[in-house]
Amino acid sequence: MMMIRSINNGIFQKTIFKSTLNRFHSTKVAIIGSGPSGFYTAYHLLKKSKGDLKVDVFEKLPVPYGLVRFGVAPDHPEVKNCTDTFEEISNSPDFSFFGNVKIGKDVSLKELRDNYNCIVFSYGCDEDNLIGLSKIPGIDSKGVITARKFVGWYNGLPDFQDLNPPLDQVENVIIIGNGNVALDVARTMLVPIEAWSKTDITANAQNVLKKSKVKNVKIVARRGFLQTAFTNKEFRELLELYNYGVGFSPVPTEFLDPVRPFIKNFGRVHKRRLELIDRYFEAIKQNVNFPKTFELDYLKSPIEVKPSSKNPAILESTKFQVNNLLEDDEKNSTKVVPTDITITYKNELLITSTGYRGSALPGFEEFGIAFDEKRGRILNEHGRIKNSKNPDSFVDGFYSSGWISKGPTGVIASTMIDSFDTGDLILEDKAQGKFESEPKEGAQGIAKILQNRNHLYVTWKDWKKLEAKEIQDGKKVGKLREKITDVDKMLDVLRNLK
Amino acid sequence: MHGHLKKPKKGEELHVTFITKEGDQHTYEVAEGDSLLDIAQANNLDMEGACGGSCACSTCHVIVDPEFYDEIPEPSDDENDMLDLAFGLTETSRLGCQVYMDKKLDGLRVALPAMTRNLQVGDFNKN
Ligand SMILES: Cc1cc2nc3c(=O)[nH]c(=O)nc-3n(C[C@H](O)[C@H](O)[C@H](O)COP(=O)(O)OP(=O)(O)OC[C@H]3O[C@@H](n4cnc5c(N)ncnc54)[C@H](O)[C@@H]3O)c2cc1C
Ligand SMILES: NC(=O)c1ccc[n+]([C@@H]2O[C@H](COP(=O)([O-])OP(=O)(O)OC[C@H]3O[C@@H](n4cnc5c(N)ncnc54)[C@H](OP(=O)(O)O)[C@@H]3O)[C@@H](O)[C@H]2O)c1
Ligand code: FES
C-alpha cells in the first residue's frame, strides 16, 4: 500500500484562477498555530470558499506542524501522513506561512487584528498540566520529568534539547497518568534501540536511549481500570513488544475482578481492552524471564517523592496513597476518595503524564477574549469566542479550533473535525457579510511590520529548504530525517542559503 | 497513488453506492481490488483519509449496509483499534481504506457518517 496520496484533485489549482479575480476584495484570515487544527482550519476554508479568502498561518517556531512533528511518536510515521494534506494547501496562492513569528511577542494581537478581518486561535496547549501534583513534597526533584518535556526532547523540540534524562542510571520508572502519552513514553523506554534506527527521532535521544538501563515501567493511574485513558491501539502496540523481550506483568486481580461480572454491559472499547489483557497474558505466561517489563497499576495517587541521597539526578522512591472510587451516577462521573493506606515503590525516575495545558496570549484582555483558567482553554461555544466582559455575547472576528479550543485531548481525527466545524462557522459569518466592513492588508501588512523590526520570518519556501536539508542529513544515516533541533541553527541554515 | 483507480475490464465492472451525509446517492462502476477510500477520493466525496490509507486515523469511516456487512472479510486487530476511535461508530462500521471491492461485494452500499461535534472520542472511551 502506497502511503502517498493525491488529494483534492486540483481543488487548489482551481483557486488560482478565482483568486486573481478577487485579490483586492478578499477576506483576510490569520490563523495562529500551524498544528493540525491550524492547518485543517486553513484547508477547510480554502477548499470551501469561493476563492475570495486569503489565509495566513503564523507559527512561533521556524518549522510547521505542531505536535505532528513534536508530539506524535517517531515510530508512528503513518500518523504524520496528514502533512501530505497540509503540503497541498501550501500550493494555494491564497495561503502564506509566517514561521518564527510568535503572536503576542514578535507581532501583537492588536497588530494582527489591524491587518486581518478574522483571527483563528489554533495555537494548541504547550504547558504542563500539573494541577494536583505541584504541591507534592519532592515533586521538583531532578528525577521528576513531565511527559511533555520527555516527548519534546526525543522529538527534537528546541526548548527541551538539554533535558538529557538520566536513563543510564535508571532501572525502574514510574509514570503517573495512563493516557496515550504515558504509553508513548513507556514504549520509547522499552523498545529495542534498533526500532529507532530508521525513524526521525533525534540523534541525541538515540544516544541516550542506547545507554538506557531501564528495566521496568510502571504506569500508575489515580482511578480504576474502567477509567483507563489510553486507547486500545497504543495498548496493543505495547503488548506486542513481548516479541522483543518486553513482558507485560499481569494486572492485579483486585483491579479486574470487580469489573468482570459487568462485561456484558461494557461498551466496545472496554470489552476489547479486557479481552486484550486476557489474550496477551495467555500468550506470554509461559515466559517469565523477560529482560524488561511494563505493568499497569490503578487507584493510587503520588503523595511524596524521595530523591536519592547519593545521587541528586535520580530518585529513591515514590510514596502513593491508595484511593477508593465514588461513583456519581447523576453526574456520570467517578470521584477519587483517598484512604489512609499508603504504599511506597522504589523508582529512580518519575514521569508525570497528566496532560497538557493551554495558556492565554498577551492581548486577550484588551479584546475581551475570555479564557478559562481552570481548564486552560479559550472559553468558546463551538469555536465562537465568549466575551470576558459579557459572557452572554461573543467577540466578533475571533474564532478558535483544536486543543486550545476544546482542551488538550483528542487525536488528529477529532482535531480535524473540530477545525472543519470552526471553518464552517467562519464561512457562515462571511456569507452573512460580517467581514465586509473594511479591506485589510493581510500578509503584506504583517511583512512590513516584521521587516521594520528586522525580524527574520520563515516562508513556506524557506521551510521546504530546511526540510530538504533534514531529509538529506537523514539519508546519510539511513533515517527518515535528521531534525534540526535548535532555532538559531535553523535560522542560520536559512541565512546561509539566502 | 490513492484517488487513482484502474479502469474495470469490460464485463467485470463492480458497483458500489455511497450515500453522502446530505443523503445523496452516488453509484460508481469500479474494478476488483479498489478500496472504498480510493473510490471515494477519486470521486471527490468527503472522505478525508488523513493517514493516506495506512489504518492510522479513522477518518475514512463508513457505515456498511447490513446486508453486505458479513460479506466483507472480518476487520483485523489494527482496523478494530482504529474503529474504536471512529465518530458515530455503528455495528456495521468499517474503515474505507481497509475494504477492497471483490465480486461478492458487487452492489455494495455504504454511508458516510455525519461528523458532528456532539460525538467525541472521549464519549466512546469513557462510557
Ligand atoms: C505526545 C503526543 C502524541 C500524540 N500522538 C498522536 C497520534 O499518534 N495520533 C493522533 O491521532 N494524535 C496524536 N496526538 C494528538 C494530536 O497531536 C493532537 O490532536 C493535535 O496535534 C492537536 O492539534 P492543535 O493544532 O490543536 O495543537 P498543536 O499540534 O499543539 O499545534 C499548535 C501550534 O501552535 C504553535 N503556537 C503556540 N503558541 C503560538 C503563538 N503564540 N504564536 C504562533 N504559534 C504558536 C505551536 O508551536 C504549535 O505548532 C498526540 C499528542 C501528543 C501530545
Ligand atoms: N497514538 C495516539 O493516538 C496518541 C498518542 C498520544 C496522545 N494521543 C492523544 O492526545 C491526547 C492527550 O493525551 P494525554 O495522555 O496527555 O492525556 P489524557 O488521555 O487526558 O490522559 C491524562 C492522564 O493523566 C491523569 N491525570 C490528570 N491529572 C492527574 C492528577 N492530578 N493525578 C493523577 N493523574 C492525573 C488522567 O487521569 P484521570 O482520568 O483520572 O483524570 C489520565 O490518566 C489524548 O486524547 C490522546 O488520545 C494520542
Ligand atoms: S485512511 Fe486513515 S484509517 Fe483509513
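In the predicted model, helix α7(A) supplies three residues to the shell around ligand 2, the largest share of that shell. The shell comprises 20 residues in total, of which Asn180(A), Arg222(A), Arg223(A), Glu234(A) and Gly410(A) are the closest to the ligand. Divided by class, these surroundings consist of nine polar, seven nonpolar and four charged residues. Three side chains among the closest residues make polar contacts with ligand 2: a polar side-chain atom of Glu234(A) is placed 2.4 Å from a nitrogen atom of the ligand, whereas oxygen atoms of the ligand are approached by a polar side-chain atom of Arg222(A) at 2.7 Å and by one of Asn180(A) at 2.9 Å. On its own, ligand 2 would expose 920 Å², and the protein buries 82% of that area. Because residues of both domain 1 (2-126 + 357-496) and domain 2 (130-354) of chain A enter the shell, ligand 2 lies between the two domains.

The second binding environment, that of ligand 1, is formed by 33 residues, with Ser37(A), Glu59(A), Gly410(A), Ile412(A) and Thr415(A) the closest. Gly410(A) is thus listed among the closest residues for ligand 1 and also for ligand 2. Polar backbone atoms contribute contacts here, since the definition of a polar contact admits pairs of N or O atoms within 3.5 Å: an oxygen atom of ligand 1 is found 2.9 Å from such an atom of Leu67(A), and the corresponding distances are 3.4 Å for Tyr123(A) and 3.5 Å for Val411(A). Of the 1,000 Å² of accessible area that ligand 1 has on its own, 93% is covered by the protein. Two or more residues of the shell are drawn from each of α2 (36-48), α7 (180-190) and α14 (412-431) of chain A. In terms of class, 16 residues of the shell are nonpolar, 12 are polar and five are charged. Ligand 1, too, lies between domain 1 (2-126 + 357-496) and domain 2 (130-354) of chain A, because both domains give residues to its shell.

Helix α7(A), which contributes to the surroundings of ligand 1 and of ligand 2, is itself largely enclosed by the rest of the structure, because nine of its 11 residues are buried. The buried residues run through Ala182(A), Leu183(A), Asp184(A), Val185(A), Ala186(A), Arg187(A), Thr188(A), Met189(A) and Leu190(A), a set that includes the charged residues Asp184(A) and Arg187(A).

Met189(A) of this helix also belongs to the largest nonpolar core, which has 105 residues and in which Met189(A), Val217(A), Ile219(A), Phe235(A), Phe294(A) and Ile351(A) have the most contacts. The greatest contribution to this core comes from α14(A), with seven residues, and at least three residues are drawn from each of domain 1 (2-126 + 357-496) and domain 2 (130-354) of chain A. In soluble globular proteins, nonpolar side chains tend to be buried together.

Chain B contains five strands and four helices, arranged along the sequence in the pattern β-β-α-β-α-α-β-β-α. Of its 127 residues, 54% count as buried.

Methods. Residues are numbered from 1 along each chain as its sequence is written. Chains are lettered from A and ligands numbered from 1 in the order in which they are written. This is a predicted model: local features need pLDDT of at least 70, side-chain atom pairs count only at pLDDT 80 or more; totals for chains, interfaces and linings use all residues. Side-chain values use heavy atoms; hydrogens and water are left out. A residue is near a molecule or strand if one of its heavy atoms lies within 4 Å of it. A polar contact is a pair of N or O atoms within 3.5 Å; within protein, one must be able to donate a hydrogen and the other to accept it, and residues adjacent in sequence count only if both atoms are side-chain atoms. Accessible areas come from the Shrake-Rupley method with a 1.4 Å probe; for residues, only the protein chains shown count as cover. Domain bounds come from an automatic or database domain assignment. A nonpolar core is a set of buried Ala, Val, Leu, Ile, Met, Phe, Trp, Tyr and Cys residues joined through side-chain atoms within 4.5 Å. Buried means under 20% relative accessible area, exposed over 50%, partly exposed in between (1.4 Å probe, protein chains only).
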